[in-house]
Amino acid sequence: MYKRQLLDAERFIYMQSLKKPKQSRKVNMLHSIYLYLRIIEESTFTPVEDAQSQLVDHSYAMTSETPSEICRYPSLWTDRVKLGSNMDFHEMETRLVKFPVDQTEPTMFEQIYGIPESLFRLISHATHLADEVRRGRSVYPGGMSQDLAERAKTIETKICEWKNPYKLLAEKQTLIVYGPSERSDKIEVRTDLLYNFLEAMHCALIIYFYRRVRDTNATTLQHYVSKTIHHLLEHEKKKNMYGDTSAYVAWPGFIAACEALDPVQREQISAFMFRAGQQSGVGSLFVAADVATKVWAARDETGSVDVSWSDVLA
């Protein structure tokens, strides 16, 4: 079980941090890879309630505060909240992830994956909110208490107002990059590559939030589906142009593909994920394309655009 393995890794990281509070760069890098895998896994995890008790470790310190109030990455602790655990989420998070003292410095996983912490953090908050809404549907209209509705509105605003730090040179704005002020060829290539990738990630997050938290009809989100696919295809072109061989991230393509209603766009995103999987050897891209195909089939069979990937995977 992939989730169990990630939680075993979390437990190991926590115990090691008690022995060696100061992390080397190499350890920080491994922690960042773990964080990335956990956040992405949680965002697409379909819970099986009877199995949840096997995925929880209650041995950590306790607090009465909820993760969304004190943590940068509240979705890391969703399962434990569900079972009533009151662990010290903030203390755990600081041991799992070391943030730069200078907040203008990119975090390690941003250096690895190219995703700014500000955007990655919003994915975690949206994931945690989606789970709270799912659990609240049997109690509250629309699944939201007043407190949850207020927190959802706050995160919604942050998601919609998030700005891509890598603006294209074509916009003739001051280039916002980390590192030296000189605009070297290396910086321009990185900016050109990351701009479309982050636009795709942001659009996919908007889709994710409105489908999973707001339960918005997929028809109204087709503009963002189109934008996500467009930016992924542009990202692919630029990777090929620059000879960039780094692996693709499956998440934005998966989110957009599952909500695509137009047959042409379905074909575009399916072909893209297949090409990306072949090029990078990332098996999750093939899995994502397969799940999306099952979602399309279920929607076509039922005539309902409300069928989601979580329904197919349940």
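The chain folds into 14 helices and 0 strands, in a model that is predicted. Read from the N terminus, the order of elements is accordingly α-α-α-α-α-α-α-α-α-α-α-α-α-α. Of the 314 residues in the chain, 49% are buried. Among contacts with a separation of 6 or more, 74% join residues that are 24 or more positions apart.

A good place to begin looking inside is the largest nonpolar core, which holds 64 residues. Within this core, Phe120 and Trp251 touch the most other members. At least two core residues come from each of helix H2 (25-43), helix H7 (117-136), helix H8 (146-161), helix H9 (185-212), helix H10 (222-242), helix H11 (251-259), helix H12 (263-280) and helix H13 (283-302). H9 provides the largest share, with 13 residues. The surroundings of Trp251 can be listed residue by residue: leaving aside residues up to four places away in sequence, Trp251 touches Ile40, Ser43, Thr44, Ile123, Met201, Ala204, Leu205 and Tyr208.

Helix H12 rewards a closer look. Its 18 residues reach 26 Å from the first C-alpha to the last, close to the 26 Å expected at 1.5 Å a residue. The buried residues of H12 are Gln265, Arg266, Ile269, Phe272, Met273, Ala276 and Gly277. Viewed down the helix axis, these buried residues fall within an arc of 135°, so they line one face of H12. They pack against H10, H11 and H13. On the other side of H12, by contrast, Pro263, Val264, Glu267 and Gln278 are exposed.

Both ends of H12 can also be described. At the N-terminal end, Asp262 acts as a cap, with a side-chain oxygen 3.0 Å from the backbone nitrogen of Val264. After H12 comes Gly281, which has a positive phi near 75°.

Finally, the cysteines may interest anyone working at the bench. A search of the whole structure gives 0 disulfides. Cys203 is buried, with a relative accessible area of 2%, whereas Cys160 is partly exposed, at a relative accessible area of 39%. Cys203 counts as buried because its 2% falls under the 20% cut-off for relative accessible area. Cys160, at 39%, lies between that cut-off and the 50% over which a residue is called exposed, so the term partly exposed applies.

Definitions and conventions
Residues are numbered from 1 along each chain as its sequence is written. This is a predicted model: local features need pLDDT of at least 70, side-chain atom pairs count only at pLDDT 80 or more; totals for chains, interfaces and linings use all residues. Side-chain values use heavy atoms; hydrogens and water are left out. A nonpolar core is a set of buried Ala, Val, Leu, Ile, Met, Phe, Trp, Tyr and Cys residues joined through side-chain atoms within 4.5 Å. Buried means under 20% relative accessible area, exposed over 50%, partly exposed in between (1.4 Å probe, protein chains only). Helices (H or I, at least four residues) and strands (E, at least two) are DSSP runs, numbered from the N terminus. Contact means heavy atoms within 4.5 Å. The expected span of a helix is 1.5 Å times one less than its number of residues. The arc is that of the directions from the helix axis to the C-beta atoms. A polar contact is a pair of N or O atoms within 3.5 Å; within protein, one must be able to donate a hydrogen and the other to accept it, and residues adjacent in sequence count only if both atoms are side-chain atoms. A disulfide is a pair of cysteine sulfur atoms within 2.5 Å.
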